[in-house]
Amino acid sequence: MTTHHHGHKHPTGVLRSGPPLIAMTDISIAFGGIKAVDHASVDLYPGEVVGLLGHNGAGKSTLIKILSGAYKRDHGDIFINGEKVEISNPRDAKALGIETIYQTLALADNVDAAANLYLGRELRTSWGTLDDVAMEAECRKVMGRLNPNFRRFKEPVKALSGGQRQSVAIARAIHFNARILIMDEPTAALGPQETAQVGELIKQLKAEGIGIFLISHDIHDVFDLADRVTVMKNGRVVGTARTTDVDHDEVLGMIIAGKCPPGAVPGPGALQSPAAAA
Amino acid sequence: MAAIDNTQNPGMAQEGTLKRFLRATEIDSRMLGMLGALLAIWAGFDLASAFVRGGDGLLGGTFLTPRNLWILLVQTSSIAVMTTGMVLIIVMRHIDLSVGSVLGFTAVCIGTMQVYWLGPALGVGHPAIWIITLILGLALGAAIGALHGTLIAYFGIPSFIVTLGGLIVWRGAAWSVIRGETVAPMDKNFKLIGGGISGITPGSIGATASWILGLLICAAILALIWNGRQQRKRFNFTLKPVWAEVLLAAAGCAAVIGITWVLNAYYWPKGVVDRWAQQTGATIPPEGLNISFGYSIPVLIALFVGVAMTFVANRTRFGRYIYAIGGNPEAAELAGINTKKITLMVFSLMGMLAAISASISSARLDSATNALGQFDELYVIAAAVIGGTSLAGGLGTIYGAMLGALVMQSLQSGMTLLNFESATKDMVVGCVLVFAVFVDQVYQRRVK
Ligand SMILES: Nc1ncnc2c1ncn2[C@@H]1O[C@H](COP(=O)(O)OP(=O)(O)OP(=O)(O)O)[C@@H](O)[C@H]1O
Ligand SMILES: [Mg+2]
């Protein structure tokens with residue numbers, strides 16, 4: 001998609017003509033009395049990486065879980081390529097090409113890596129039975145790309161290390177030709193080598209025209225990989241900015257104080273500046 | 001192309017012989033332990049009975065005789081059938097306390113249909129009766145299970161509560177159907193499901209058919225092992241060492257042939273042979289006539305159910321989802337699995353298995369009472385747990401649970417042979433359950 005002839009190309013390879021790949025507008029959800037996400041809007045273009053930032057409990061995971069079908073929103077709309085879509089369970093999201101790496105990984109601990117990789121979309125033989133050998137073979141291929149040292153294909157994933165488990169979760173998200181990838185702290189448990197590999201992977205997927213929401217607490221990583229950042233605070237969007245238009249300190253200011261710098265488009269969660277208030 | 005390295009811990013050079021053996025053969029060491037325990041129990045009872053009374057058993061007692069082993073397997077079949085479903089339910093982190101009552105209720109319904117409805121309507125002994133009542137019975141069991149499953153999956157009531165209610169309700173319902181009377185006799189064809197002799201027709205398949213079946217099972221074992229090898233070759237994975245495959249095949253076939261031989265060594269009682277000779281006009285040679293029982297129908301049913309359920313658990317998506325849900329229900333849901341539907345289906349399956357056991361039990365007793373299957377839920381759960389099913393969910397095998405059922409029934413039968421009081425038997429079985437789980441946990445901790 002990035003080699004498209006017409007349309008204005010963003011310097012980083014993001015195709016910005018036409019409607020966004022994903023637009024979530026005015027999304028709200030409350031758990032009991034807590035407004036976990038409060039009138040938040042984010043969007044994502046093909047080949048773009050949007051970093052979602054915010055303090056613990058800001059509502060990042062909750063927002064993307066609405067997109068992945070894990071939660072049902074109370075309010076707001078989701079558009080894919082400009083068309084309104086209904087996502088009411090994880091199956092809907094997958095059918096629309098949305099794949100997710102959850103912060104909790106969401107692995108079935110008692111079955112092996114291949115079974116987790118294919119959970120919900122198992123390969124089957126012509127008899128309709130599970131084709132475990134084929135799944136294992138595919139699993140070896142994907143894992144070879146992500147975590148070449150991985151050998152423990154026969155063991156239930158609860159026997160794996162945190163990083164190995166994370167590799168399995170990543171493998172599952174990238175293996176099924178996603179259009180939209182959600183990564184909720186995908187490198188939290190990974191060593192430096194594996195983290196670098198995931199970084200490469202993100203660049204590669206981006207070049208293929210896949211849109212990626214990347215949630216991370218590592219601002220350096222986000223600046224490295226993301227085209228834009230959206231910062232949340234207390235369930236609300238503080239603002240959205242291109243990574244070329246803001247610096248680290250300004251983004252930190254957004255996360256900690258909710259202060260929106262001049263280079264960013266403010267959201268409903270932005271601290272009203274004294275000048276604007278006057 | 002080099003074969004892909006499949007060793008898990010390349011560093012472990014000097015592991016023990018047993019460990020290497022288990023790794024090479026990929027035998028579940030827990031199952032090996034259980035088989036060992038079973039054989040020890042059998043030997044123990046045969047020796048003990050040798051002291052009490054003496055007999056022609058393998059070790060001089062009355063336990064390891066073809067007759068006793070044949071009866072043991074028949075007695076195990078009802079619990080064994082139900083425990084295959086209980087494993088899946090427990091794996092999914094649920095429980096079903098209602099199976100004994102569902103068994104009782106479906107049994108009296110089947111009996112009522114046979115004795116009061118279809119018997120008079122079609123004529124007693126009509127060849128369609130057994131099949132109609134069997135199908136309706138299975139449908140009834142499945143429907144009851146589906147009702148439980150709906151309440152659990154879609155109304156969010158805990159399975160413990162739903163099936164505790166079911167335990168009480170269906171026992172009461174069984175009483176209401178027949179008002180505490182005993183329904184008897186069952187249809188003469190249906191009776192064969194219990195394994196007993198109906199007139200001169202035995203509820204077992206005889207020597208020739210048993211040998212044919214035994215050989216077919218051996219062929220199936222060989223085919224499975226061969227197919228597994230081919231599958232692994234297809235993707236260039238490392239293969240099990242040939243000696244391990246040969247050993248497994250040999251052990252499997254030897255066990256099948258041994259069991260077939262033992263079951264064929266149990267002969268019709270003389271009275272039945274005489275009656276058979278009278279009615280068929282056959283002449284009995286002066287030295288007597290040995291007619292083998294062979295595999296009985298309830299045992300065949302249990303074997304079939306075991307194989308089918310193992311297939312479902314290991315080779316189908318449905319089975320894979322059951323285990324995934326047990327491992328992490330949230331992850332299964334996020335993977336797009338319809339966990340509610342799977343829950344409903346598993347409970348429905350359990351109800352149907354209870355109906356199969358109802359058929360076996362009532363056919364064997366040649367009657368149905370509202371007390372049939374009382375306490376079976378406890379034996380079924382105990383069998384599953386002894387067989388290595390974890391109550392925390394996610395872990396358990398069909399064959400393990402069936403072996404567990406055999407262990408439990410062996411204890412009961414053995415103690416009966418030794419003239420234990422039934423109260424003593426209950427106490428022993430209860431203690432063994434707790435002890436077995438304790439040993440298993442110690443073992444699990446050692447392994448980790
Ligand atoms: N299932 C739930 N039930 C009740 N409250 C919830 C639930 N999920 C999230 N919350 C609440 O919603 C708020 C947002 O949580 P969320 O997990 O989205 O934060 P986050 O931005 O992902 O934080 P972190 O960086 O720690 O992952 C928190 O106050 C949290 O307690
Ligand atoms: Mg989070």
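How do the residues of the shell around ligand 1 divide into nonpolar, polar and charged? In this predicted model, the shell around ligand 1 divides into 4 nonpolar, 7 polar and 1 charged residues. The residues around the ligand are F31(A), I34(A), A36(A), G54(A), N56(A), G57(A), A58(A), G59(A), K60(A), S61(A), T62(A) and Q103(A). Two elements of chain A, β2 (34–44) and α1 (60–67), each supply at least two residues of this shell, and α1(A) gives the most to it, with 3 residues. These two elements also offer a way into the rest of chain A.

The strand β2(A) belongs to an open sheet of 4 strands in chain A, arranged in the order β2-β1-β4-β5 with antiparallel pairing. The edges of this sheet are formed by β2 and β5 (83–85) of chain A, each of which pairs on one side only, and from one strand to the next the twist averages 30 degrees.

Following the sheet from the edge at β2(A), one comes to the antiparallel pairing of strand β1 (residues 22–31) of chain A with β2(A), which extends over 7 bridges; within this pairing, I29(A) has V37(A) in β2(A) as its bridge partner. The two strands β1(A) and β2(A) form a hairpin with 2 residues between them, and in the turn G32(A) has a positive phi of about 60 degrees. In addition, β1(A) is joined by 5 bridges to strand β4 (residues 75–80) of chain A, the two running antiparallel, and here S28(A) has H75(A) in β4(A) as its bridge partner. The remaining pairing, between β4(A) and β5(A), is again antiparallel and has 3 bridges, with I78(A) standing opposite V85(A) in β5(A). The helix α1(A) packs on the sheet, where it touches β1, β2 and β4 of chain A, and its direction makes about 115 degrees with that of β1(A). The helix that packs on the sheet in this way is thus also the element that gives the most to the shell around ligand 1.

At the level of domains, the assignment for chain A gives domain 1 (1–97 + 177–268) and domain 2 (105–176). The C-alpha centres of domain 1 of chain A and domain 2 of chain A are 26 Å apart, and 12 residues of domain 1 of chain A are in contact with 10 residues of domain 2 of chain A. On the side of domain 1 of chain A that touches domain 2 of chain A, helix α6 (residues 192–207) of chain A gives the most, with 5 residues; by class, that side has 8 nonpolar, 3 polar and 1 charged residues.

From chain A the view may now pass to its contact with chain B. This contact takes 24 residues from chain A and 25 residues from chain B. On the side of chain B that touches chain A, the elements that give two or more residues are α7 (206–234), α11 (317–327) and α12 (329–334) of chain B, and the largest share, 6 residues, comes from α11(B). By class, the residues on this side of chain B comprise 10 nonpolar, 8 polar and 7 charged.

Chain B is itself divided into domain 1 (28–198 + 316–447) and domain 2 (205–295). Their centres, taken over C-alpha atoms, are separated by 25 Å, and 5 residues of domain 1 of chain B are in contact with 6 residues of domain 2 of chain B. Helix α3 (residues 66–91) of chain B, with 4 residues, gives the most to the side of domain 1 of chain B that touches domain 2 of chain B, and the residues of that side divide into 4 nonpolar, no polar and 1 charged.

A helix pair in chain B completes the picture. Helix α2 (residues 29–52) of chain B and helix α15 (residues 398–417) of chain B pack at an angle of about 10 degrees, their axes being 10 Å apart, and because of this angle α2(B) is roughly parallel to α15(B). In this contact, M31(B), M34(B), A37(B), L38(B), I41(B), W42(B), F45(B) and S49(B) in α2(B) meet Y399(B), G400(B), L403(B), L406(B), V407(B), S410(B), L411(B), G414(B) and L417(B) in α15(B). By class, the residues of the contact of α2(B) with α15(B) divide into 13 nonpolar, 4 polar and no charged.

Definitions and conventions
Residues numbered from 1 in each chain as written. Chains lettered and ligands numbered in written order. Predicted model: local features only at pLDDT ≥ 70, side-chain atom pairs only at ≥ 80, totals over all residues. Domains from an automatic or database assignment. Contact = placed C-beta atoms within 7 Å. Nonpolar A, V, L, I, M, F, W, Y, C, P; charged D, E, K, R; others polar. Near = placed C-beta within 6 Å. Axes fitted to C-alpha atoms, helices over the stretch in contact; angles between N-to-C directions. Parallel < 35°, antiparallel > 145°, perpendicular 65-115°, else oblique. Pairing = 2+ DSSP bridges.
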